[in-house]
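Dear colleague,

Please find the structure below, handed over for your records. My notes on it follow directly after.

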Amino acid sequence: MFFTFDGLFDSEQYTKQDLIENYDSNHSEISHLNQYFKSIIPVDKKVTIEFEKNKITRYHIRGEGIRDSNWDLEIDSKKVASLNQCLGWSLDTIERLKSKLAKAHCVSIESGNPTTIGFQRSGMGMYFYNLFDKKLNDSLISEYNDGCQYSFYKENIVLEFGGGAIGRNCFEDFFRK
């Protein structure tokens with residue numbers, strides 16, 4: 001049996017260097033995005049949201065008694081309004097978050113420590129910034145610097161290439177070693 005993924009995951013191709021250059025060029029916007037997102041997340045909830053053009057491609061909420069996973073939603077849909085209500089958000093909150101992600105040249109964000117900000121999809125994976133609340137100690141640097149999926153960048157920032165649709169994803173330079 002022969003099949004191909006050609007065309008199945010059409011997206012622009014990015015590299016670890018693109019991820020680094022975007023952070024260096026937009027670190028202020030990324031920091032503001034992180035601060036804003038943390039300020040709007042209820043303490044008892046975990047939220048993941050991803051935008052693509054005028055759609056929300058992922059909008060997941062986790063919390064005590066809540067596990068609501070959603071894909072491909074219209075921003076002005078009843079479902080989004082319901083999810084927003086659960087978080088105490090409005091349509092303006094969604095639009096502001098979408099705008100801040102765009103200014104940072106990013107597409108997604110997930111709450112927690114670290115906050116995980118999705119830079120761009122690339123093939124079957126996605127490049128991420130993991131922003132920790134504090135500077136990483138040697139133990140965490142070791143844990144988050146495997147060179148494959150994670151690469152310690154500096155202070156409280158770890159780069160990630162994730163996805164896992166067909167197994168573990170590794171940064172392109174991992175295979176050159």
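What span should the 13 residues of helix α3 (residues 91–103) have at 1.5 Å a residue, and how far apart are its end C-alpha atoms? The expected span is 18 Å, and the end C-alpha atoms lie 18 Å apart, which agrees. The expected span here is 1.5 Å times one less than the number of residues in the helix. Helices (H or I, at least four residues) and strands (E, at least two) are DSSP runs, numbered from the N terminus.

Before the remaining findings, a note on conventions: this is a predicted model, in which local features need pLDDT of at least 70 and side-chain atom pairs count only at pLDDT 80 or more, while totals for chains, interfaces and linings use all residues. Residues are numbered from 1 along each chain as its sequence is written, and side-chain values use heavy atoms, with hydrogens and water left out.

Helix α3 and its surroundings

The buried residues of α3 are T93, I94, L97, K98 and L101 (buried means under 20% relative accessible area, exposed over 50%, partly exposed in between, with a 1.4 Å probe and protein chains only). Seen down the axis of α3, these buried residues fall within an arc of 135 degrees, so they line one face of the helix; the arc is that of the directions from the helix axis to the C-beta atoms. Their cover includes α1 (16–40), β1 (45–52), β2 (55–63), α2 (78–87), β5 (108–110) and β6 (115–122), where contact means heavy atoms within 4.5 Å.

At the N-terminal end of α3, S90 acts as a cap, with a side-chain oxygen 3.2 Å from the backbone nitrogen of D92. A polar contact is a pair of N or O atoms within 3.5 Å; within protein, one must be able to donate a hydrogen and the other to accept it, and residues adjacent in sequence count only if both atoms are side-chain atoms.

Backbone geometry

Most residues other than glycine have a negative phi, and most peptide bonds are trans. H105, just after α3, takes a positive phi of about 60 degrees and is partly exposed, with a relative accessible area of 43%. E155 has a positive phi of about 45 degrees although it is not a glycine; E155 lies in the loop between β8 (150–154) and β9 (157–162). The peptide bond from N113 to P114 is cis, with omega near 15 degrees, and P114 is placed in the loop between β5 and β6.

Cysteines

One disulfide (a pair of cysteine sulfur atoms within 2.5 Å) is found in a search of the whole structure. Its partners are C148 and C170, with sulfur atoms 1.7 Å apart. The torsion about their S-S bond is about -60 degrees, so the disulfide is left-handed. The pair links distant parts of the chain, 22 residues apart: C148 is in the loop between α4 (138–143) and β8, and C170 is in the segment after β9. Both C148 and C170 are buried.

Nonpolar cores

The largest nonpolar core has 37 residues, of which Y59, W89, L97 and Y129 touch the most other members. Such a core is a set of buried Ala, Val, Leu, Ile, Met, Phe, Trp, Tyr and Cys residues joined through side-chain atoms within 4.5 Å. The largest share, eight residues, comes from α1. Apart from this core lies another, of five residues, among them L136, Y144, Y150 and V158.

Yours faithfully
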